[in-house]
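Q: Please take a close look at the backbone in the loops of this model, and follow it from there into the surroundings that it leads to.

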Amino acid sequence: ACACAVPFQAQAQTPPMAPDIPQRYEAPAPPDADYEKRVAMIPMRDGVKLYTVIVLPKGARRAPIVMTRTPYNAARRAQRNASPGMAATLPQGDETLVAEGYIRVFQDVRGKYGSEGDYVMTRPLRGPLNDTRTDHATDAWDTIEWLTRHVPETNGKVGMIGSSYEGFTVMMALAAPHPALKAAVPMSAMVDGWRGDDWFHNGAFRMPSLGFIASQTTVRGHGEALATGVYDDYEGMLRAGSAAGYARRFGLDRLNYTRKLFEHPAYDDYWRHQALDLLLGARKLTVPTMHVVGQWDQEDIYGPYAAYAAMERQDRDNKLNFLAIGPWRHSGVNYEGSRLGVFKFTGDTALEFRREVMQPFLNQYLKDGAPEADTPPVLSYQTGVNRWQRFDQWPRSCAEGCPSRSESLYLRAGFTLGFSAPAAAVEGEGYDEYVADPAKPVPFVPRPVRMGDEAVWKPWLVSDQRFVADRTDVLSYVSEPLKAPLSIAGQPRVDLYAATSGTDADWVVKLIDVHPDEVPGQPELGGYQQGISMDIFRGRYRHSLSQPSAIPAGQVERYRYALPNVNHVFLPGHRVMVQIQSSWFPLYDRNPQTYVPNIFHARPADYRKATQRVYRAPEAPSSIELPVVGR
Ligand code: PG9
């Protein structure tokens, strides 16, 4: 009998009380779509299944796969827009992959969103911190194995890309790579949570970590925002007293990851055993890897360079390990890159990079018969003059072993700067001083501070520092207007001689480009104090990052630490500025300025004003070693 003859009424009716929300619903791709979506629960070696979305161009044959493993919801990552077009469906940064006919895969890491298993934040590799059978290296391996067997449209070659946490999972896959993993592009990767990426910078704790932990670890999906009850996070975080006080207020002290952070304030084995630069630097590099980072990455500005440097030791002949530095914010490589804050570049630098450099690199290793790409070992955008540069190594300038040698820029009397050391004690006794009051910490951006305001957060590292330049607890040293360009390419290094009347202190040093008083072509840049390379150091770690010690009150101590990498030209007419302060709130928790064993447990009475002296004397010549490549 013909099916069409079956009377409609005879078909099974949907019971009125059938639940209207199914257990799981995958919307089919629209019939006219140029792609197909498949969802698979891929089994790992321990039986845990991971939720994986596979997006294939229609008619794909012998297509390479590019995979991202994410804690941020694979289904959503594979669905930017509801569209019959694959390019509009996938993330903006994927458009060149789509144009080249790639299969795109997103997978939820274990324990998040659709995946089974336990979630452990930035799960450590199997070893001293992880006694289970699995980690991100095995999960990537098992997934690649499955994909190459179960996706008939693939040529069997897999690449991994991803930014930040997703960059971390790319790096993890490199620890024990599947033979089909042929190329890796970790972008803005979280590499070392203590030295200078997401959780701490040189021992100073990043307060927004707490909100992130809430969003990430209260539920498998996306957790609720904190009910702060204040518009200005500066106020809310100050009132809470300390990072632990803030955590308690929202019950975050009951979350394991908060506890792990609070139990490991120093750079102990918990951190060392997770530092991916140390781990990968000690393993044989076999997969071509391009590290990508934004010069003004406000979240992971340390790790990508550290990982590149550590892995470079395995790649003396520049065959496998590459570095690309753009004028971008965190993950900016995947979005529009024609400006950052008020600073404009030469067109969409991010798209240009993805199209001209990253895609040919991926094609070379992943696409059948693709030509060899002309990939520079190091690609770097020189800010100030706004042009791409190709190098065979990074950094370009350092104390020893680089093409150029760094030069010290000294703090001088009268709040000036100079390339010669202070020769003789001058009036003012060789130091400048300020009172740092933890009750009035220096804000990192103008108040009211809204940590969730992305328009402020994303470009904040290049923001105008004038709003604090005249505070009495900020020292600002400035050069004469430059007569010739001053070009730097590498890591400025702080060499600070300072004393405090307290027994612990934070030091924030900011290298700033002061634009001319008038900039006719872009008037709002007149006198702009542009952050170039800035970071914080918690004084208790001056002798050892793992063994903190109290600072002897009133004694001159030496603080040496590196600022973030930069490739920048200070142009003629501009001035170089160095600002020094002792807090950067509420991005970093306050230092009580009284030594306590664990700052997370400091009590209100421990927070005390201190007088800070910054020396610029012949026997205590504070300076920044600049990675000068031309002046
Ligand atoms: N910076 C974010 C992050 C990475 C790793 C751990 C915690 C946070 C991110 O953008 O993914």
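**Backbone in the loops**

A: Asn318 is found in the loop that runs between helix 12 (303-312) and strand 10 (321-326). In this model, which is predicted, the phi of Asn318 is near 55°, a positive value in a residue other than glycine. Asn318 counts as partly exposed because it has 14 C-beta neighbours inside 10 Å, whereas a buried residue would need 20 or more and an exposed one 12 or fewer.

A positive phi, of about 35°, is also found at Thr122, although Thr122 is not a glycine. Its place is in the loop between strand 4 (103-108) and helix 4 (136-150), and it counts as partly exposed because it has 19 C-beta neighbours inside 10 Å.

Thr122 leads on to the ligand, since the residues around the ligand include Thr122. The others in that shell are Ser164, Tyr165, Phe168, Met190, Asp198, Phe212, Glu299 and Asp300. By character, the shell divides into four nonpolar, two polar and three charged residues. The predictor gives the complex an ipTM of 0.96 and a pTM of 0.96.

Two further loops contain a cis peptide bond that leads into a proline. The bond from Trp394 to Pro395 is cis, with omega near 0°, and Pro395 lies in the loop between strand 14 (387-391) and strand 15 (397-398). A cis bond likewise joins Arg447 and Pro448, where omega is about 0°; Pro448 has its place in the loop between strand 19 (431-436) and helix 14 (454-457).

As for the confidence behind these readings, the mean pLDDT of the protein chain is 96, and 98% of its residues reach 70 or more. Over residues 1-6, however, the pLDDT is below 50, and this stretch has one contact in the model beyond near neighbours in sequence.

Away from the loops, the largest nonpolar core holds 164 residues, among which Met171 and Ala307 touch the most other members. Helix 13 (residues 349-366) contributes seven residues, the largest share of this core. If neighbours within four places in sequence are left aside, Met171 is in contact with Pro186, Ala189, Val191, Leu276, Leu280 and Ala307.

Methods. Residues numbered from 1 in each chain as written. Predicted model: local features only at pLDDT ≥ 70, side-chain atom pairs only at ≥ 80, totals over all residues. Core = buried A, V, L, I, M, F, W, Y, C linked by C-beta atoms within 7 Å. Helix = DSSP H or I, 4+ residues; strand = E, 2+ residues; numbered from the N terminus. Contact = placed C-beta atoms within 7 Å. pLDDT = per-residue confidence, 0-100. Near = placed C-beta within 6 Å. Nonpolar A, V, L, I, M, F, W, Y, C, P; charged D, E, K, R; others polar.
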